[in-house]
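Q: Could you walk me through this one, and say what backs each label?

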Amino acid sequence: MLLIDCPYCGKRPETEFRCGGQAHIARPTDPSALSDADWSEHLFVRANPRGVHAERWNHIHGCGRWFNALRDTVSDRFIETYPVGSEPTTGSHPSQGTEPTRSTQTETRA
């Protein structure tokens, strides 16, 4: 069984946690100025990299708190967990500006 290191409770089984998606996403400063398409992209389009990825996690069956984790999506290995509002201490932080995968758009062929 995979153990996840909650920064508040310590190592616990993976069944106690739920992934909340990509971490470190800033809310737009003026959401009312966005078009429907821009707002939809902000809400639903996320990066889906192969390799190290920053994610939000919730210790749903434990302390109930949210935290961030650096996880390698290839090996499913957790590199580091850290409280929300903090930055990771390792040098494995994924590069900023990663282009999101646009899985919501389909390609049409003629």
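Q: What makes up the secondary structure of the chain?
A: One helix and six strands, in the order β-β-β-α-β-β-β along the sequence. Helices (H or I, at least four residues) and strands (E, at least two) are DSSP runs numbered from the N terminus. This is a predicted model, where local features need pLDDT of at least 70, side-chain atom pairs count only at pLDDT 80 or more, and totals for chains, interfaces and linings use all residues. Residues are numbered from 1 along each chain as its sequence is written, and side-chain values use heavy atoms, leaving out hydrogens and water.

Q: Why is His42 called buried?
A: Buried means under 20% relative accessible area (exposed is over 50%, partly exposed in between; 1.4 Å probe, protein chains only). His42 comes in at 18%, so the label fits. His42 sits in helix H1, residues 36-44. Of the chain's 110 residues, 25% count as buried.

Q: How do you know what His42 touches?
A: Contact means heavy atoms within 4.5 Å. Leaving aside residues up to four places away in sequence, His42 touches Ile25, Ala26, Arg27 and Pro28.

Q: What makes the largest nonpolar core a core?
A: The term covers buried Ala, Val, Leu, Ile, Met, Phe, Trp, Tyr and Cys residues joined through side-chain atoms within 4.5 Å. Seven residues form the largest one: Ile4, Cys6, Phe17, Trp57, Phe67, Ala69 and Phe78. Strand E1 (3-6) and strand E5 (66-72) are the elements giving two or more residues to this core.
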